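Me: I've got a chain open on my screen and I'd like to talk it through. Can you take my questions one by one?

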Amino acid sequence: MKAIKFLPVLLLFILASCSAVRVNADFDKNVNFEPYKTYAFYKTGIDKAEISDLDKKRILRSIDEEMTAKGFTKSETPDLLINIFTKEREQVNVNQFNAGWGFGWNPWMWGGGYNNVSTSSEGTLTIDLIDAKKKEMIWQGEGVGYLTQNTHRKDDNIKGFVTKIMSQYPPVLKK
């Protein structure tokens, strides 16, 4: 009976881990993050990001939502500048299945099998937070996960990347 109750939790964990974005964040441990209340996008850096304008809009919209939810205000004279960097790489997956070869001899199994080759795109989104007055990076978050070409799922996929990355901000100092 306990196994039956545990099975849905296990399946949920497996499904979540397949689509999960792996995140990592780093920050300047000498910075007090409390005074930062306003932000703006660092246009020069964002213009250099090598992705479509539509995907840039999706990323910036998601960052806007996350910053607003954290109590930040967009400003012409910001405390923080936000920059993004993206990178994509193609993953090649080769799966082999062979049958019929092994110990013993069986006249009905003369071997055989198949190879399955598939590709998928893995993307990295890096979000930099820069002290606007000092022009120094104070926080960097990075998310790595699988990308989709399905235009109906792109919004959710990008929002998932940004939400997971920004969940690391503000950083928590461990004592």
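Reply: Sure, what follows is a run of questions and answers on this model, which is a predicted one.

Me: Let's start with the fold. In what order do the helices and strands run from the N terminus on?

Reply: The protein chain has four helices and six strands to place. Reading from the N terminus on, the order of the elements is α-β-β-α-α-β-β-β-β-α.

Me: What share of the residues counts as buried?

Reply: The cut-off here is a relative accessible area under 20%. The protein chain has 175 residues, and the share of them that counts as buried is 34%.

Me: And the surface: how much of the exposed area do carbon and sulfur atoms supply?

Reply: The protein chain exposes about 12600 Å². Of that area, the part supplied by carbon and sulfur atoms is 57%.

Me: Take contacts between residues at least 6 apart in sequence. What percentage join residues at least 24 apart?

Reply: A contact here needs heavy atoms within 4.5 Å. Among the contacts in the protein chain between residues at least 6 apart in sequence, the portion that joins residues at least 24 apart is 71%.

Me: Now helices. How are α3 and α4 oriented to each other, roughly parallel or oblique?

Reply: Two packed helices are described by the angle between their axes and the distance between the axes. For α3 and α4, the axes are 9 Å apart and the angle is about 45°. Angles under 35 degrees would count as roughly parallel. The two helices, α3 and α4, are therefore oblique.

Me: What is the handedness of the crossing where α3 passes α4?

Reply: Residues that make the contact include Ile59, Ile63 and Met67 of α3, along with Ile158, Val162 and Met166 of α4. Where α3 passes α4, the crossing is right-handed.

Me: On to charges. How far apart are N and O in the salt bridge of Asp55 and Lys154?

Reply: Side chains of opposite charge can pair when their charged atoms come close. The structure holds seven salt bridges. In the one where the side chains of Asp55 and Lys154 meet, the N to O distance is 3.6 Å.

Me: Why does the Asp55 and Lys154 pair tie together parts that are apart in sequence?

Reply: Asp55 sits in helix α3 (residues 53-69), while Lys154 belongs to helix α4 (residues 151-166). Asp55 counts as buried at 15% relative accessibility, and Lys154 also counts as buried, at 15%. Because one partner is in α3 and the other in α4, the pair ties together parts whose separation in sequence is 99 residues.

Me: Which salt bridge partner does Glu65 have?

Reply: Glu65 lies in helix α3, and the salt bridge it makes ties together parts that are 94 residues apart in sequence, since the other residue is in helix α4. Glu65 is partly exposed at 39%, and the residue across from it is partly exposed too, at 33%. The side chains meet at 2.7 Å, N to O, and the partner is Lys159.

Me: Which residues are joined into one network by salt bridges that share partners?

Reply: Asp55 and Lys154 have already come up as a salt bridge. Through shared partners, the salt bridges build one network of Asp55, Lys154, Arg58 and Asp155.

Me: In which strand is the residue that pairs with Asp64?

Reply: The side chain of Asp64 meets that of Lys74 in a salt bridge, at 3.3 Å from N to O. Asp64 is in helix α3, and 10 residues away in sequence, Lys74 is in strand β3.

Me: Is Lys135 buried or exposed?

Reply: Lys135 is in the loop between β5 (113-131) and β6 (136-146). Leaving aside neighbours within four places in sequence, Lys135 is in contact with Leu81 and Ile130. Exposed means over 50% relative accessible area. At 60%, Lys135 counts as exposed.

Me: What is the phi of Lys135?

Reply: Most residues other than glycine have a negative phi, and most peptide bonds are trans. Lys135 is not a glycine, yet it has a positive phi of about 60°.

Me: One last thing. Which proline follows a cis peptide bond from Tyr169?

Reply: That bond has an omega near -5°. The proline lies in the segment after α4, and the residue is Pro170.

Technical notes
Residues are numbered from 1 along each chain as its sequence is written. This is a predicted model: local features need pLDDT of at least 70, side-chain atom pairs count only at pLDDT 80 or more; totals for chains, interfaces and linings use all residues. Side-chain values use heavy atoms; hydrogens and water are left out. A salt bridge is a side-chain nitrogen of Lys or Arg within 4 Å of a carboxyl oxygen of Asp or Glu. Buried means under 20% relative accessible area, exposed over 50%, partly exposed in between (1.4 Å probe, protein chains only). Accessible areas come from the Shrake-Rupley method with a 1.4 Å probe; for residues, only the protein chains shown count as cover. Axes are lines fitted to C-alpha atoms, for helices over the stretch in contact, and angles run from 0 to 180 degrees between N-to-C directions. Angles under 35 degrees count as roughly parallel, over 145 as roughly antiparallel, 65 to 115 as roughly perpendicular and the rest as oblique. A crossing is left-handed if the near helix is turned anticlockwise from the far one by less than a right angle, and right-handed if clockwise.
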